Amino acid sequence: MSLRTHRPPRAVLFDRDGTLVVDVPYNTDPDLVEPVPGARRAVQALRAAGVAVAVVTNQSAIARGTATRDQVDAVNARVDELIGPFDVWEVCPHGPDDDCDCRKPRPGMVVNAAERLGVAPEECVVIGDIGADMGAARNAGAAGILVPTEVTRAEEIDEADVATESLVDAVALVLHSLRHGRQGDLAARAERAGAERAAAERAGTGR
């Protein structure tokens with residue numbers, strides 16, 4: 001496994017639901033926003049290291065008519081209050097059939113967020129919990145770190161360049177790569193982990 005970029009990270013782009021906050025499907029109530037463990041600490045650590053932070057989130061509830069943009073913005077403001085503030089928010093309001101450029105796994109939001117932050121997509125790391133997040137990263141030329149949850153499919157984990165057990169671990173990996181001046185460290189770790197898993201599987205099957 002390898003990452004598509006080997007430049008030091010200057011920005012981290014987070015998925016919202018299931019990554020920064022507990023997923024409440026099509027949430028329109030700011031009072032239901034609950035950060036995942038360690039989210040605020042992780043974002044603060046990135047800021048302290050001089051890394052820009054942004055959110056890239058699909059919000060098809062707007063297209064479906066189950067939420068207004070104002071309601072989505074109110075939920076986002078609550079996320080800012082509890083975890084952020086974030087430098088940039090990119091929201092895709094479209095549905096799966098709208099053929100937009102922004103809905104993940106298309107790269108539009110990643111590219112736009114990078115531009116607004118004044119960095120190249122190759123200097124960004126996308127952290128999310130499903131394959132669409134990783135697809136958006138790859139399609140934009142950014143790095144991706146998957147933090148699986150109960151909704152993450154097994155094949156999405158297998159296809160991820162890098163996967164960690166928690167958001168805190170993912171951010172620690174970014175900060176480690178920043179200290180070492182290159183994102184190649186993430187790829188090296190992923191390759192070692194993959195080799196170890198493969199060896200364990202072979203041992204378990206007697207091959």
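The lining of the largest pocket in this predicted model consists of 7 nonpolar, 5 polar and 9 charged residues. In total, 21 residues line the largest pocket, and D17, D23, Y26, N58 and I130 lie nearest its centre. The space inside the largest pocket comes to about 440 Å³. Among the elements that contribute to the lining, β2 (52-58), α2 (61-64) and α5 each supply at least two residues.

Helix α5 also has a place in the strand connections. It spans residues 131-140 and carries the chain from β4 to β5 in a right-handed β-α-β crossover.

Strand β4 covers residues 124-128, and 5 of its 5 residues are buried. Its side chains split by direction: C124, V126 and G128 point one way, V125 and I127 point the other way, and all are buried.

Two strands pair with β4, as the table sets out.

| Partner of β4 | Residues of partner | Sense | Bridges |
|---|---|---|---|
| β1 | residues 11-14 | parallel | 4 bridges |
| β5 | residues 143-146 | parallel | 4 bridges |

Individual residue pairs can be named in both pairings. On the β1 side, F14 has I127 of β4 as its bridge partner. On the β5 side, V126 of β4 stands opposite G144. Both of these β4 residues, V126 and I127, are buried, and they point opposite ways from the strand.

Notes:
Residues are numbered from 1 along each chain as its sequence is written. This is a predicted model: local features need pLDDT of at least 70, side-chain atom pairs count only at pLDDT 80 or more; totals for chains, interfaces and linings use all residues. Side-chain values use heavy atoms; hydrogens and water are left out. Buried means under 20% relative accessible area, exposed over 50%, partly exposed in between (1.4 Å probe, protein chains only). Two strands pair if DSSP finds at least two bridges between them. A crossover is right-handed if, with the strands pointing away from the viewer, the path from the first strand over the helix to the second runs clockwise. On a 1 Å grid over the protein atoms alone, a cavity is a set of points where a 1.4 Å probe fits but cannot get out, and a pocket is an open set with protein on both sides within 12 Å along at least five of seven lines; lining residues have an atom within 4 Å of a point. Grid points are joined across faces, edges and corners, and a volume is the space filled by probe spheres set on the points. Ala, Val, Leu, Ile, Met, Phe, Trp, Tyr, Cys and Pro count as nonpolar, Asp, Glu, Lys and Arg as charged, and the others, Gly among them, as polar.
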